[in-house]
Amino acid sequence: MAMLPIIWAPDPRLKVTSEPVGEVDAAIVKLIDDMLATMYAEPGIGLSAIQIGVPKRVVVVDVARKGEEPQPLALINPVITARSSDIAVFDEGCLSLPDHWAEVERPAEIDIRFLDRAGKQQSLHADDILSRCIQHEMDHLDGILFVDHLSAVRRGIILRKLTKQKKARLRENA
Ligand code: NI
């Protein structure tokens, strides 16, 4: 397993639409393992392949709390098949937008269909933080960031701060 650098916004790579996975082969399983290692190291509760520069429809999540058994979940080609009409508000963050948080409204519960790491078709009903995390990560597969759910003004403020953060990081690493 390898930890990989996470792409920070703003970056054009985070805006691309990821391609479906054709076959769940050894390369996809390795990608999943690398994504999990990267997510746990940060630490984060979700990561999409595009955040490490791979434009494939692969997501990993683990919403287990500190001290609980890990519950790693890999979603390949996930599709939302149903959304609840009730809406929840959560304070969202993102490993690609470090140190920024904002309240985002989304359907409270979802049903999804996906392939697991064995290539088997699975379905899942998700609520609470798992539902939130999966919706956030699936947005990444279509080039959507949580700030895209905010007003243009708020999005602009956060993205300008991120541009400064990136420049500072480049200077540190120079
Ligand atoms: Ni994110």
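## Salt bridges, a sheet and two helices

Let's start with a link between two charged residues: Lys 15 and Asp 148 join their side chains in a salt bridge, with 3.1 Å from N to O. This pair links distant parts of the chain, 133 residues apart. Lys 15 belongs to the segment before α1 (26-41), while Asp 148 is found in the loop between α2 and α3 (152-173). Keep in mind as you look around that this is a predicted model.

How exposed are these two partners? Lys 15 has a relative accessible area of 45%, so this residue counts as partly exposed. Asp 148 comes out at 30%, which makes this residue partly exposed too.

### More salt bridges

How many salt bridges are there by this rule? The count comes to eight. Here are three of them, with the distance between N and O.

| Acidic partner | Basic partner | N to O distance |
|---|---|---|
| Asp 148 | Lys 15 | 3.1 Å |
| Asp 33 | Arg 117 | 3.1 Å |
| Asp 139 | Arg 106 | 2.9 Å |

Take the pair of Asp 33 and Arg 117, whose closest N and O atoms are 3.1 Å apart. Asp 33 sits in helix α1 and Arg 117 in the loop between β6 and β7, so this salt bridge ties together parts that are 84 residues apart in sequence. Asp 33 is partly exposed because its relative accessibility is 21%, and buried would mean under 20%. For Arg 117 the relative accessible area is 37%, so this residue is partly exposed as well.

Now for the pair of Asp 139 and Arg 106, a salt bridge of 2.9 Å from N to O. Asp 139 is part of helix α2 and Arg 106 is part of strand β5 (residues 102-107), so the pair ties together parts that are 33 residues apart in sequence. Are these two residues buried or exposed? Both Asp 139 and Arg 106 are buried. There is also a network here: salt bridges that share partners join Glu 92, Arg 106, Arg 132 and Asp 139.

### The sheet

Next, look for the strands. In what order do the strands of the open sheet come? There are five of them, in the order β1-β2-β3-β6-β7, and the pairing is antiparallel. β1 (46-48) and β7 are the edge strands, each of which pairs on one side only. On average, neighbouring strands of this sheet are turned by 40 degrees against each other, direction ignored.

What holds strands together in general? Strands of a sheet pair through backbone hydrogen bonds, either parallel or antiparallel.

In this sheet, β6 (residues 110-115) has a partner on each side. Five bridges connect β6 with β3 (residues 73-83), and the two run antiparallel. Within that pairing, Val 79 is opposite Arg 113 in β6, and Ala 82 has Asp 111 as its bridge partner in β6. Six bridges connect β6 with β7 (residues 121-126), again antiparallel. Arg 113 turns up here too, standing opposite Ser 123 in β7.

To see how the chain gets from β6 to β7, follow the hairpin they form, with five residues between the strands. In the turn, Gly 119 has a positive phi of about 85 degrees. Arg 117, the salt-bridge partner of Asp 33, is also in the loop between β6 and β7.

### Helices across the strands

Two helices lie across strands of this sheet. α1 lies across β1, β2 (58-61) and β3, and runs at about 40 degrees to β2. α2 lies across β1, β2, β3, β6 and β7, at about 155 degrees to β2.

One residue of α2 (residues 128-141) to zoom in on is His 140. Why does His 140 count as buried? Its relative accessibility is 1%, and the cut-off for buried is under 20%. The side chain of His 140 has a polar contact of 3.3 Å with that of His 136. Leaving out residues up to four places away in sequence, His 140 touches Val 16, Ser 48, Ile 50, Gln 51, Cys 94 and Leu 145.

### Two cysteines

Cys 94, one of the residues that His 140 touches, is buried, because its relative accessibility is 11%. Cys 133 is not in a disulfide, and the nearest cysteine sulfur, which belongs to Cys 94, is 10 Å away. With 5% relative accessibility, Cys 133 is buried too. How many disulfides does the structure hold? The number is zero.

How values were computed. Residues are numbered from 1 along each chain as its sequence is written. This is a predicted model: local features need pLDDT of at least 70, side-chain atom pairs count only at pLDDT 80 or more; totals for chains, interfaces and linings use all residues. Side-chain values use heavy atoms; hydrogens and water are left out. A disulfide is a pair of cysteine sulfur atoms within 2.5 Å. Buried means under 20% relative accessible area, exposed over 50%, partly exposed in between (1.4 Å probe, protein chains only). Two strands pair if DSSP finds at least two bridges between them. Helices (H or I, at least four residues) and strands (E, at least two) are DSSP runs, numbered from the N terminus. A polar contact is a pair of N or O atoms within 3.5 Å; within protein, one must be able to donate a hydrogen and the other to accept it, and residues adjacent in sequence count only if both atoms are side-chain atoms. Contact means heavy atoms within 4.5 Å. A salt bridge is a side-chain nitrogen of Lys or Arg within 4 Å of a carboxyl oxygen of Asp or Glu. Axes are lines fitted to C-alpha atoms, for helices over the stretch in contact, and angles run from 0 to 180 degrees between N-to-C directions.
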